[in-house]
Amino acid sequence: MKQQLCSRCGKRPAVVFIQKLEDGKVIPKGLCIQCAKELNVGSINQMIDQLGISEEELDQMSQVTEIWTAWI
């Protein structure tokens, strides 16, 4: 089964799933952590802060998942 990529950046695996209302229709969206954080989706920023994940660590994780996703 192929990993769903982020519907915003198209680079990293989608790990946060939301539903967006567009033109009266519910559209499912999958976002990577980086994009979800940038869009301030739900409580993702709070969870990242509580886990003590730095911006540098988040960038490193994103780079690794990009490489891993491309390899699969």
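A salt bridge is taken here as a side-chain nitrogen of Lys or Arg within 4 Å of a carboxyl oxygen of Asp or Glu. By that criterion, a search of the whole structure finds three salt bridges, and these are described below after a look at the model itself. The structure is a predicted model, in which local features need pLDDT of at least 70 and side-chain atom pairs count only at pLDDT 80 or more, while totals for chains, interfaces and linings use all residues. Residues are numbered from 1 along each chain as its sequence is written, and side-chain values use heavy atoms, with hydrogens and water left out.

Confidence comes first. The pLDDT, which is the predictor's confidence in each residue from 0 to 100, averages 85 over the protein, and 88% of the residues score at least 70. Among the elements, strand 2 (residues 25-31) has the highest mean pLDDT, 94, and helix 3 (residues 55-71) has the lowest, 75. Where pLDDT is low, the predicted coordinates should not be read in detail.

The fold can be followed along the chain. Helices (H or I, at least four residues) and strands (E, at least two) are DSSP runs, numbered from the N terminus. The protein has three helices and two strands, and from the N terminus on these run β-β-α-α-α. With contact meaning heavy atoms within 4.5 Å, 30% of the contacts between residues at least 6 apart in sequence join residues at least 24 apart. The accessible surface comes to about 5500 Å², of which 55% belongs to carbon and sulfur atoms; accessible areas come from the Shrake-Rupley method with a 1.4 Å probe, and for residues only the protein chains shown count as cover.

Two loop residues deserve a glance at the backbone. Asp 23 has a positive phi of about 50° although it is not a glycine, and is found in the loop between strand 1 (16-22) and strand 2. Residues are called buried under 20% relative accessible area, exposed over 50% and partly exposed in between (1.4 Å probe, protein chains only). Asp 23 is exposed, at 82%. Asn 40, likewise not a glycine, has a positive phi of about 55° and sits in the loop between helix 1 (33-38) and helix 2 (44-51).

Turning to the interior, buried residues make up 25% of the 72 residues. A nonpolar core is a set of buried Ala, Val, Leu, Ile, Met, Phe, Trp, Tyr and Cys residues joined through side-chain atoms within 4.5 Å. The largest such core has 10 residues, namely Cys 6, Val 16, Leu 31, Cys 32, Cys 35, Ala 36, Val 41, Ile 44, Ile 48 and Leu 58. Helix 1 and helix 2 are the elements that give two or more residues to this core. Leaving aside neighbours within four places in sequence, Ile 44 is in contact with Val 16, Ala 36 and Lys 37. A polar residue is also covered: Gln 34, in helix 1, counts as buried at 14% relative accessibility. With neighbours within four places again left aside, Gln 34 is in contact with Arg 12, Leu 58, Asp 59 and Ser 62.

The cysteines call for a separate check. A disulfide is a pair of cysteine sulfur atoms within 2.5 Å, and by this rule the count comes to zero. The sulfur of Cys 9 is 3.8 Å from the closest cysteine sulfur, in Cys 6, which is too far for a bond. Cys 35 is in no disulfide either, the nearest cysteine sulfur being that of Cys 32, 3.6 Å away. Cys 9 is partly exposed at 26% relative accessibility, whereas Cys 35 is buried at 3%.

This leads back to the salt bridges. Arg 8 pairs with Glu 38, the closest N and O atoms being 2.7 Å apart. Arg 8 lies in the segment before strand 1 and Glu 38 in helix 1, so the pair ties together parts that are 30 residues apart in sequence. Arg 8 is partly exposed, at 45%, and Glu 38 is exposed, at 52%. Lys 37 and Glu 55 meet in another salt bridge (3.0 Å, N to O). This pair links distant parts of the chain, with Lys 37 in helix 1 and Glu 55 in helix 3, 18 residues apart. Lys 37 is partly exposed, at 22%, and so is Glu 55, at 47%. Lys 29 forms a salt bridge with Glu 22, with the closest N and O atoms 3.6 Å apart.
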